[in-house]
Amino acid sequence: MEHEPAPATITPYEDGPLLVRGDVEIRSQDGEVLRPRGTVVALCRCGRSAVKPFCDGTHKVRGRDR
């Protein structure tokens, strides 16, 4: 049985990341395919993550001081 691609959805969370669900391919600026863990990907919006473009939760620690 062949896998049917799930449509991608992006949900922005207030003061948090963009959550991406579904079949997507994420690439770096250089075109390198990035391999996230899991089926839901959290993308950083605050710019403070140590694992950009993925969210590492730093926005929770730092609060709203941006």
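**View 1. The lining of the largest pocket in this predicted model, divided by residue class.** The residues that line the largest pocket fall into 7 nonpolar and 2 charged, with no polar residue among them. This lining consists of R35, P36, R37, V40, V41, A42, V51, F54 and C55, and the volume of the pocket comes to about 190 Å³.

**View 2. The second largest pocket and the residues nearest its centre.** Of the 13 residues that line the second largest pocket, V24, E25, P36, G38 and V41 lie nearest its centre. Two or more lining residues are contributed by strand 2 (18-21) and by strand 4 (33-34). By class, the lining of the second largest pocket comprises 7 nonpolar, 3 polar and 3 charged residues, and the space in this pocket is about 160 Å³.

**View 3. The largest nonpolar core, with the surroundings of V20.** Six residues make up the largest nonpolar core, namely V20, I26, L34, V41, L43 and F54. Two of these core members, V41 and F54, also appear in the lining of the largest pocket. When neighbours within four places in sequence are left aside, V20 is in contact with T9, I10, T39, V40, V41 and L43. As a general background to this view, nonpolar side chains in soluble globular proteins tend to be buried together.

**View 4. The hairpin of strand 1 and strand 2.** Strand 1 (residues 9-12) and strand 2 run antiparallel and are joined by 4 bridges, and within this pairing T11 of the hairpin has L19 in strand 2 as its bridge partner. Between the strands lie 5 residues, and in this hairpin D15 takes a positive phi near 55°.

**View 5. T9 in strand 1 and its contacts.** T9, which lies in strand 1, has a relative accessible area of 40% and is therefore classed as partly exposed, a term that covers values between 20% and 50%. Not counting residues up to four places away in sequence, T9 touches L19, V20 and R21. The C-alpha atoms of T9 and V40 are 9.9 Å apart in space, although the two residues are 31 residues apart in sequence.

**View 6. H59 in helix 1 and the residues that H59 touches.** H59 lies in helix 1 (residues 58-62), and its relative accessible area of 14% is under 20%, so H59 counts as buried. With residues up to four places away in sequence not counted, H59 touches D15, G16, P17 and C46. One of these contacts, D15, is the hairpin residue with a positive phi near 55°.

Note on methods
Residues are numbered from 1 along each chain as its sequence is written. This is a predicted model: local features need pLDDT of at least 70, side-chain atom pairs count only at pLDDT 80 or more; totals for chains, interfaces and linings use all residues. Side-chain values use heavy atoms; hydrogens and water are left out. On a 1 Å grid over the protein atoms alone, a cavity is a set of points where a 1.4 Å probe fits but cannot get out, and a pocket is an open set with protein on both sides within 12 Å along at least five of seven lines; lining residues have an atom within 4 Å of a point. Grid points are joined across faces, edges and corners, and a volume is the space filled by probe spheres set on the points. Ala, Val, Leu, Ile, Met, Phe, Trp, Tyr, Cys and Pro count as nonpolar, Asp, Glu, Lys and Arg as charged, and the others, Gly among them, as polar. Two strands pair if DSSP finds at least two bridges between them. Buried means under 20% relative accessible area, exposed over 50%, partly exposed in between (1.4 Å probe, protein chains only). Contact means heavy atoms within 4.5 Å. A nonpolar core is a set of buried Ala, Val, Leu, Ile, Met, Phe, Trp, Tyr and Cys residues joined through side-chain atoms within 4.5 Å.
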